[in-house]
Amino acid sequence: MRRTFVILLLLIPALLFARDAREQQRIDYLFASLASLKGAVFIRNGTEYDAAKARDHLQQKLNYAGDRVKTAEQFVQYCATSSSMSRKPYQIRMADGTVTDTAPFFTAKLKEFDAKNH
C-alpha cells in the first residue's frame, strides 16, 4: 500500500504538467521527420551527429525544459533551434549536401503535420 502511494505521489506532478496530447503528437512528428532523413547529419556546435544522437539530444533538452515547453512551436524555439551554450544554430546537412538551419526545417514539418491532421 505504501509503495502504491509513493508511486502515485511521483506520477501526480507529471500528470498535472503533462503536455497536451496533440502538441506531443506534433513534437513526436518532428522527431520522426528528423529520423526519416536518410543520409542526413545533424550539426551541433560544428560536430556532426546521426539522427539517433540528434533525437537523444533534443529529447534531453525537452525533458530538461519540462512543463515550460507546452507547444511544438515552443519546442522548436527553445529546444531545437540552437545550442543553449554557444547560441550557434543547429543545422541539418541533407544527403545531397545542402545545409539548412533546423528552425525552418521543423517549422515546415509542423505545417505539414497540421495540413495532414486538421
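**Sheet and helices**

Trainee: How many bridges join strand 3 to strand 4?
Mentor: Strand 3 holds residues 91-93 and runs antiparallel to strand 4. Strands are DSSP runs of E of at least two residues and helices are runs of H or I of at least four, numbered from the N terminus; two strands pair if DSSP finds at least two bridges between them. The number of bridges joining strand 3 to strand 4 is 3.

Trainee: What kind of model is this?
Mentor: Residues are numbered from 1 along each chain as its sequence is written, and side-chain values use heavy atoms, with hydrogens and water left out. Local features need pLDDT of at least 70, side-chain atom pairs count only at pLDDT 80 or more, and totals for chains, interfaces and linings use all residues, since the model is predicted.

Trainee: Which residue in strand 4 is the bridge partner of Gln-91?
Mentor: Gln-91 is also the bridge partner of Ile-43, and strand 1 is joined to strand 3 by 3 bridges, running antiparallel. In strand 4, the partner of Gln-91 is Asp-101.

Trainee: Which strands stand at the edges of the sheet?
Mentor: The sheet is open, with 4 strands in the order 2-1-3-4 and antiparallel pairing. Each edge strand has a single partner, so one of its sides has no neighbour in the sheet. The edge strands are strand 2 (47-49) and strand 4 (99-101).

Trainee: Which residue of the hairpin of strand 1 and strand 2 takes a positive phi?
Mentor: Strand 1 and strand 2 pair in the antiparallel sense over 3 bridges, and Ile-43 stands opposite Glu-48 in strand 2. The hairpin has 2 residues between the strands. The residue with a positive phi, near 55 degrees, is Asn-45.

Trainee: Which residues of strand 1 point the other way from Val-41 and Ile-43?
Mentor: In a regular strand the side chains alternate between the two faces of the sheet. In strand 1, the residues pointing either way are buried (under 20% relative accessible area with a 1.4 Å probe, protein chains only; exposed is over 50%, partly exposed in between). Those pointing away from Val-41 and Ile-43 are Phe-42 and Arg-44.

Trainee: Within what arc do the buried residues of helix 3 fall?
Mentor: Helix 3 has buried residues Ala-54, His-57, Leu-58, Lys-61, Leu-62 and Ala-65. They line one face of the helix, because their directions from the helix axis to the C-beta atoms span a limited arc. On the other side, Lys-53, Gln-60, Asn-63 and Tyr-64 are exposed. Seen down the axis, the buried residues fall within an arc of 135 degrees.

Trainee: Which residue caps the N-terminal end of helix 3?
Mentor: The cap is a polar contact (N or O atoms within 3.5 Å, one able to donate a hydrogen and the other to accept it; residues adjacent in sequence count only if both atoms are side-chain atoms). A side-chain oxygen lies 3.2 Å from the backbone nitrogen of Ala-52. The capping residue is Asp-50.

Trainee: What does the buried part of helix 3 pack against?
Mentor: Contact means heavy atoms within 4.5 Å. The buried residues of helix 3 pack against strand 1, strand 2 and three helices: helix 2 (21-35), helix 4 (72-78) and helix 5.

Trainee: What percentage of the residues of the chain count as buried?
Mentor: The chain has 5 helices and 4 strands, in the order α-α-β-β-α-α-β-β-α from the N terminus on. Of its 118 residues, the buried share is 31%.
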